Amino acid sequence: MRKSPTVLILNGPNLNTLGTREPEVYGRETLDDIRAACAERADALGLGLDFRQSNGEGELVGWIQDARNAAAGIVINPAAYTHTSVAILDALQACGLPVVEVHLSNIHGREPFRHHSYVSRMAHGVICGFGSQGYLFALEAMARILERQEGKA
Ligand code: DQA
């Protein structure tokens, strides 16, 4: 049997505090709740899952570099680094894997400094404003991207 392709889901700073962090903006689910829902959906889609969170830009960059040989695609919620990090953009660009960007909140309906994302430049697509459901949409989108890559669809 062929091994299922692994999708790396990366979460940036402060997302470890979901559940208590501004629940009116980010919802009441914890990151562990989101991890469990993603694991279930990945399984249903025939994908392997590696789900991680870091508050550090350097750690995220390292994980993106490692993904080149370990994952088939990356779903990323870079959190605040979305709006500041050329280092994360560069790492994503260099790793050569398909990327789907996700945000819990609708960043375009919020403060102007959240409207710009460095990552969007190279992402296949961006999903924002659907809360935790956005992660599931991102996995569905990634499954389709990977199928197309393999010439199945
Ligand atoms: C976020 C939006 C960012 O602007 C913010 O800094 C976050 C979370 C979201 O998921 O809505 O930490 O990426």
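Here is a short chat about how to read the ligand site in this predicted model.

Q: Where do I start: which residues surround the ligand?
A: Start by listing the neighbours. A residue counts as near if one of its heavy atoms lies within 4 Å. Here the shell is made up of Arg21, Tyr26, Asn77, Ala79, Ala80, His83, His103, Leu104, Ser105, Ile107 and Arg114.

Q: How many of those shell residues are nonpolar, polar or charged?
A: Sort them by class and you get five nonpolar, four polar and two charged residues.

Q: What lies 2.8 Å from an oxygen atom of the ligand?
A: For polar contacts, look for pairs of N or O atoms within 3.5 Å. One such partner is a polar side-chain atom of His103, 2.8 Å from a ligand oxygen. Asn77 also has a side-chain N or O atom 2.8 Å from an oxygen of the ligand. With Leu104, it's a backbone N or O atom that sits 2.8 Å from a ligand oxygen.

Q: And how much of the ligand's accessible area does the protein cover?
A: On its own, the ligand has 320 Å² of accessible area, and the protein covers 99% of that.

Q: How do I picture the space the ligand takes?
A: Rolling a probe the size of a water molecule over the atoms shows where empty space is left. In this model, the ligand takes up the second largest pocket. That pocket's volume is about 160 Å³. It has 16 lining residues, and the closest to its centre are Arg21, Tyr26, Ala79, Ala80 and Arg114.

Q: What classes of residue make up the lining of that pocket?
A: The lining of the second largest pocket has seven nonpolar, six polar and three charged residues.

Technical notes. Residues numbered from 1 in each chain as written. Predicted model: local features only at pLDDT ≥ 70, side-chain atom pairs only at ≥ 80, totals over all residues. Heavy atoms only, no water. Polar contact = N/O pair within 3.5 Å; in protein donor to acceptor, adjacent residues only side chain to side chain. Areas by Shrake-Rupley, 256 points an atom, 1.4 Å probe, with all protein chains shown as cover. 1 Å grid on protein atoms, 1.4 Å probe; cavity = no way out; pocket = protein on both sides within 12 Å on 5 of 7 lines; lining within 4 Å. Sits in = over half its atoms within 2 Å of the grid points. Nonpolar A, V, L, I, M, F, W, Y, C, P; charged D, E, K, R; others polar. Points joined across faces, edges and corners; volume = space filled by probe spheres on them.
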